[in-house]
Amino acid sequence: MVKRERWRQDFSGWFNDVLQEADIMDTRYPVKGLYVWRPYGMKLRNLVFSILKQLHESSGHQEVLFPLLIPETLFQKEAEHIRGFGGQVYWVTHGGHQKLDVKLALRPTSETSMYPMFALWIRTHADLPIKVYQVVNVFRYETKMTKPLIRLREVTTFKEAHTAHATAEEAEAQVREAIKIYRKFYDELGVPYIVSKRPPWDTFAGAVYSIAFDTVTPDGKALQIGTIHNLGQNFAKVYGLKYEAVDGKHHHVYQTCYGISERAVAATIMAHGDDAGLCLPPDVAPIQVVIVPIPFKEKETPVENVAAQVKEELTSTGLRAHLDDRDLRPGNKFYHWERRGVPLRIEIGPKDVEKDQVTAVRRDTGERLTIARKSMKKQVGEILKQITDHLRERAKRSFEALVNSAVDLKSARELLKKQGGIIRVPWCGRESCGKLIAEKAEAEMLGEEIGAGPQPEAKCPICSDPATVNALLAKTY
Ligand code: ZN
């Protein structure tokens, strides 16, 4: 079993090494906060986002593509929104040598480019609901320290969905559907998470309320990996999104939006990695099985022929199999694919050929298995399934060890200092108490937990009133 010591104790260094050694990203691009996706990383990214796109398509969302540039006149219309993003916007001020009459924002998110167009598309109730999404890059001038896949100035991969509905109830139902989609997505990646309603002071600029998914990094910090916003009629009123109801009257629509970025890739990497590097769930591994021939001089030809046949057999079942026939020592090849997190390695030596078998080695446990050729296709499928289950369980155990409850703020503070993670504290739900809870615990308030409430007798540690919710506290990325 590969250890997870450095993964935990030096997470930041581990993460940067994995991105480099597994060919995920090149971090040497000469603009701060901008990074280059390398081919293997790009494949991983596409596999992760194809799951997310599929979940949107199968729930009635349609893909669109809006322009990157947003005129200042549109962008400045929603006052709250501007307050939230104002300091982080990149502006295009010139076209060639010509100064532009109207400055153009590089989208930090797309509400202000999409909704004026929605206003043109919506006439009657029959045009509703609108449920669209796009996967695009967005720009934010981050002033905090940037980190590949986690804090970027160009978010290269932002899946943003935007919806419009006739009634507040339908918008509420849409929020629930979005939560369901995001749960399915992260469950499939085996990434553990906790869902909370962000406190009022941390709500998305222009939203009525915001829901967030957070996971925990191996070194115990909370990382936001998805957000869902109920926008109410705020944007609809500013951009004139109205529909004619059956009774002939005009009403503003109700809206929601929700997004997930390449942090989903970061979360997958950190949830499953170990001290040998990347360790990928088979569903998103660019290569699921790598075949390494181990020839002896005089018997070279049969070993390589068999290796090629094995590759063909596995590929024919729809697996992403790769034959490494480079002129390198097998040990170097093992190391190479281990660092890249390939879930299963198949070794074929003269003895295997003789006995009509292959030797399989699991990346997650290091376990070696001998498999008869005639049952290989079936068994490889089963082993990959076991790897998926094991990785999911292991990630869940690590996560659960870092999500704890505390009854008072002193123990919350001490737990956070000692091992980090997310701490549940009973809360009356009042904003003034919430701010003090966070301050006294010396942590960020993620929000109130969704899906679990406080113990029956629990009291708010500030005002001693009965607690109505769990506050989630953490140090954040
Ligand atoms: Zn209170």
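**Salt bridges, zinc site and domain interface in a predicted model**

User: In this predicted model, which residue forms a salt bridge with Asp10, with the closest N and O atoms 3.1 Å apart?

Analyst: The closest N and O atoms of the pair lie 3.1 Å apart, and the cut-off for a salt bridge is 4 Å. Asp10 is partly exposed, at a relative accessible area of 32%. The partner is also partly exposed, at 33% relative accessibility. The residue that pairs with Asp10 is Arg6.

User: Which other residue forms a salt bridge with Arg6, at 2.9 Å between the closest N and O atoms?

Analyst: Arg6 pairs with Asp10 at 3.1 Å. A further salt bridge of Arg6 has its closest N and O atoms 2.9 Å apart. The structure holds 27 salt bridges. The residue in question is Asp17.

User: What is the geometry of the zinc ion site?

Analyst: The zinc ion is coordinated by the SG atoms of Cys428, Cys433, Cys460 and Cys463, at 2.3 to 2.4 Å. The angles among these four donor atoms run from 105 to 114°. Four donors count as tetrahedral if all angles lie between 85 and 135 degrees, so the site is tetrahedral.

User: How are the donor residues of the zinc ion spaced in sequence?

Analyst: The donors are Cys428, Cys433, Cys460 and Cys463. Written as a pattern, their spacing is C-x4-C-x26-C-x2-C.

User: Is Cys460 buried or exposed?

Analyst: Buried means under 20% relative accessible area. Cys463, another zinc donor, has 27% and counts as partly exposed. Cys460 has a relative accessible area of 2%, so this residue is buried.

User: Which three residues supply 77% of the area that domain 1 buries against domain 2?

Analyst: Domain 1 covers 5–272 and domain 2 covers 287–385, and their centres, taken over C-alpha atoms, are separated by 40 Å. About 530 Å² is buried between domain 1 and domain 2, with 42% given by carbon and sulfur atoms. On the domain 1 side, 77% of the buried area comes from three residues, more than from any other three: Glu21, Tyr40 and Leu47.

User: Which residue meets Glu21 in a salt bridge?

Analyst: Five residues of domain 1 are in contact with five residues of domain 2, and four residue pairs between these domains are in polar contact. Two salt bridges are found across the interface of domain 1 and domain 2. The side chain of Glu21 takes part in a salt bridge with an N to O distance of 2.3 Å, and the partner is Arg339.

Conventions
Residues numbered from 1 in each chain as written. Predicted model: local features only at pLDDT ≥ 70, side-chain atom pairs only at ≥ 80, totals over all residues. Heavy atoms only, no water. Donors = N, O, S within 2.8 Å, 3.2 Å for Na, K, Ca; no water. Tetrahedral: all angles 85-135°; square planar, octahedral: opposite > 155°, others 65-115°. Buried < 20%, exposed > 50% of the residue type's maximum accessible area, 1.4 Å probe, protein only. Domains from an automatic or database assignment. Contact = heavy atoms within 4.5 Å. Buried area = accessible area lost by both parts, 1.4 Å probe. Polar contact = N/O pair within 3.5 Å; in protein donor to acceptor, adjacent residues only side chain to side chain.
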